[in-house]
Amino acid sequence: MNKYFGDVVRGIWKENPVLVLLLGTCPTLALTTSASNGVGMGMATTFVLVGSNLVVSLIAGIVPKKIRIPVYIVVIATFVTVVDMLMKAYAPPALYAALGIFIPLIVVNCIVLGRAEAFASKNGPLRSICDGLGMGLGFTLTLTMLGMLREFLSSGAVFGVKVITVWETDFLLPAAAPGAFIIVGVILGVRNHLRRRAAIRAGKLYVPPSEIDCGNCHICANGKDK
Amino acid sequence: MKLRDCENFWVLGAFLGAVGLLSALVLALVSALTAPAIARADQRAKSAALRQLIPDFDNDPARETLRIDGVTFMAARRGGKLVGVAAEAETNSGYAGTIRELVGFAPDGRILAVLVTDEKETPGLGKNVCERKFKKTIFNFFRPAPRGLPPNPVLDQFTGRRAGDRVDWRVRKDGGDFEYRTGATVTSRAVTELTGRAAKVFAAHRARIMAELNGAKPEVKR
């Protein structure tokens, strides 16, 4: 049981898809103009992640290695289209109006393919579902936080409810794409700082992920300024 | 030899083809199953939008339509009597993509209200011209939402206008009659032009629209 719980929790902080794996940046930057958008995109992605992880973990044993990526993409695209059609037909209009525009975009979200390839194809169905749930929750929480921040900075509102009513005009930068880049950059910086400080406190060197080329960068300097 | 380690070109192609075929079958099945429900949901959404424009009707306007010059007219009647005509029109002259509008006309050609049903304008600029939304703040959070159509300073200008009444369907910047929103001139221009087009088509073909939509045997299109 503990193992399954760990799979869920890991996606929320330690391997948060947006802030650590830096996957799915396109929907993250484009859609988090408001908090409710963030919740909508997160929920829709979570649903597809759980479903595609389940299907991929079931078929991974028979798919030839050479063509696994196209097969996974077909599975994900089929799943997304089915969900889209079912929602269009049976979901309450308000829910579809809120989530509907995000659903086709999930196909191009790297998180879904990334988890299918990195986790679901190597693990059993139950653990894959837990992983999908955790990654989805982490994605949802990050997107909601980002959406709240951007919405508050641009119009003084949280979830469409104006908290600051002094100004009528909106501040456009945080709501536009450049503002999204700036805010995500600040959040990533804060997160990296926290990780590095925690590593230094624990007496360990902060080792940056090996896939990042650190040859020319001296920002973390591997704990030199202790 | 196991299928998982197979590297034969033809086997791989056949496998991928089979997966594609399977997914196409699943999609065709789901599509066939949901098509009627999707059509019903679309109709309900359209009828809900029309209900905001034209006060009282008890028929299904989306089924009694007439298309003239790219504008679709729908008849709204109550107890068989025509109470209003809704026009659906779209333009590509917005700032981003297509803008689709529903314009409600009283039988005498006066505009009752304008509603933008589909747009992809910039949030904060063009969207403000198109959106009708009651403003929610922490001060009125627990008050129930007011009834009726939410106000929009640009779209509300059209209410009560009629194409026959010497209206210049342009924004003030171009010498017309309508205010526009600073920073969203292109969207304001597109919306004004689109409303004007719908009103002009309605005025020009009013006799025909009335005859066909109000006649004893309305043209029924599904």
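## Helix H3 of chain A

Let's start with helix H3 of chain A, which covers residues 35-59 in this predicted model. Those 25 residues reach 36 Å from the first C-alpha to the last, close to the 36 Å expected at 1.5 Å a residue.

How many of the residues of H3(A) are buried? The count is 19 of the 25, so H3(A) is largely enclosed by the rest of the structure. For chain A taken whole, 37% of the 226 residues count as buried.

## The rest of chain A

Chain A has 8 helices and 2 strands. Walking along from the N terminus, you meet the elements in the order α-α-α-α-α-α-α-β-β-α. In other words, the two strands come one after the other, with a helix following them at the end of the run.

Now for the contacts inside the chain. Take those in chain A with a separation of 6 or more: residues 24 or more positions apart account for 73% of them.

## Where chain A touches chain B

On to the partner chain: 28 residues of chain A are in contact with 29 residues of chain B. Two elements of chain A give two or more residues to its side of this contact, namely helix H4 (68-90) and strand S2 (161-162). Which of the elements provides the largest share? That would be H4(A), with 11 residues.

What does the side of chain A that touches chain B have by class? You'll find 16 nonpolar residues there, along with 7 polar and 5 charged ones.

## A sheet built from both chains

Strand S2 of chain A also takes part in a strand pairing with chain B. S2(A) and strand S6 of chain B (residues 136-137) pair in the parallel sense, over 2 bridges. If you want to find them in the structure, look for A:Val161, whose bridge partner in S6(B) is B:Lys136, and for A:Lys162, whose partner in S6(B) is B:Thr137.

The pairing belongs to an open sheet of 3 strands, in the order S1(A)-S2(A)-S6(B) and with mixed pairing. Which strands sit at the edges? They are strand S1 (157-158) of chain A and S6 of chain B, each of which pairs on one side only. S2(A) lies between those two in the sheet order, and S2(A) is also one of the elements listed for the side of chain A that touches chain B.

Conventions: Residues are numbered from 1 along each chain as its sequence is written. Chains are lettered from A and ligands numbered from 1 in the order in which they are written. This is a predicted model: local features need pLDDT of at least 70, side-chain atom pairs count only at pLDDT 80 or more; totals for chains, interfaces and linings use all residues. Two residues are in contact if their C-beta atoms, placed from the backbone, lie within 7 Å. Helices (H or I, at least four residues) and strands (E, at least two) are DSSP runs, numbered from the N terminus. Ala, Val, Leu, Ile, Met, Phe, Trp, Tyr, Cys and Pro count as nonpolar, Asp, Glu, Lys and Arg as charged, and the others, Gly among them, as polar. Two strands pair if DSSP finds at least two bridges between them. A residue is buried if 20 or more other C-beta atoms lie within 10 Å of its own, exposed if 12 or fewer, and partly exposed in between; C-beta atoms are placed from the backbone. The expected span of a helix is 1.5 Å times one less than its number of residues.
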